[in-house]
Amino acid sequence: MKVVQFTIPVSRESTIVVQEEKLPHYYPHLHRHREVQIEWVVEGSGILVAGNYMQRFESGDIYIIGANQSHIFKNDESYFNPDEPRQIHSVSIFFDPNYLSQNILSLPEMVNIRKFVNGVHNGFQIPEEAREAVQKIISEIIHHKESQRVAAFIKLLYQFSTTRDLKPLATSNSEQVISEVEGIRMDRIFQYLVTNYKRHISLAEISEIANLTPQAFCRYFKKHTDKTFVSFLNEVRINEACKIILSGKFDSFSDICYQTGFDHVTNFNRVFKKTTGMSPGEYQKGFRDI
């Protein structure tokens, strides 16, 4: 099975493909496709990796994944526990940006929307203040058919093109040229890190997983993620720490430190603040005050 290149069934008989799914979990491997993907996480949580972007995703989040942008929605461990059945509910909209630009968006009235679509390379996260409006339009797309669905879809693109503060999902476009072989290797690396982050992972150990020397692995990982191995691993750990803090199911921050693979509380506090801009206590207080 090709874990990198997906083929989404976008035919010339339809402008978009809409998929509403309720599954035990998201597809758990790094992959990409030539279509732009609009993803509404109706229900679900985990870590999104898209290019050199990594952040927790939660119910209600909406993302735009660029064409050929490698990504993975990696659900939390509990989604894979047969004794704790959970499910994700998602709405995905796929479209071919080139086909759209050459046809519907070639009209002069569509110039601003066309500029937006042609600029979706590294993807975006929709800001919280725009979610409700976007969710309403996506609901229209789900329930409409044929020309009414296309009209609602153009309305959605217009909403995106006029939304301020769209958050880019990546700062580099280089990873999009990743080959299938490299994609399989990167997926193997990601899977190993997100599965084993709770314990010490040495450079020699992860290099062996990638079938590279430690020196070659460091160059390879930096090239494809724009991050060092240690910084990426720490981000995985801090994302998990944020989830635990939000759940409220912990006795102390030192417990979270050791649960997420850090050896020292001082290092945990330093990395947490560097990653989130807040101390663990400030992060907890911020959500209590919402």
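**Close-up views of a predicted model**

**View 1. A look at helix H8, residues 229-247.** In this predicted model, H8 runs for 19 residues and reaches 28 Å from its first C-alpha to its last, close to the 27 Å expected at 1.5 Å a residue. Is H8 mostly covered or mostly open? Mostly covered: 14 of its 19 residues are buried. Right after H8 comes glycine 248, and its phi is positive, near 75 degrees.

**View 2. Here are the two domains, domain 1 (4-168) and domain 2 (180-289).** Their C-alpha centres sit 26 Å apart. Where the two meet, domain 1 brings 14 residues to the contact and domain 2 brings 19. About 1,500 Å² is buried between domain 1 and domain 2, with carbon and sulfur atoms giving 59% of that area. Which three residues supply the most of what domain 1 buries against domain 2? They're Asn52, Met54 and Arg56, which together supply 36% of that area, more than any other three residues.

**View 3. Zooming in on the polar links, we find one salt bridge between domain 1 and domain 2.** Glutamate 77 forms a salt bridge with lysine 198, and the closest N and O atoms of this pair are 3.7 Å apart. There are also six residue pairs in polar contact between the two domains, counting pairs with both residues at pLDDT 80 or more.

**View 4. On the side of domain 1 that touches domain 2, three strands each give two or more residues.** They are E3 (46-50), E4 (53-57) and E6 (71-75). E4 has the largest share of this side, with three residues.

Technical notes: Residues numbered from 1 in each chain as written. Predicted model: local features only at pLDDT ≥ 70, side-chain atom pairs only at ≥ 80, totals over all residues. Heavy atoms only, no water. Helix = DSSP H or I, 4+ residues; strand = E, 2+ residues; numbered from the N terminus. Expected span 1.5 Å × (residues − 1). Buried < 20%, exposed > 50% of the residue type's maximum accessible area, 1.4 Å probe, protein only. Domains from an automatic or database assignment. Contact = heavy atoms within 4.5 Å. Buried area = accessible area lost by both parts, 1.4 Å probe. Salt bridge = Lys/Arg side-chain N within 4 Å of Asp/Glu carboxyl O. Polar contact = N/O pair within 3.5 Å; in protein donor to acceptor, adjacent residues only side chain to side chain.
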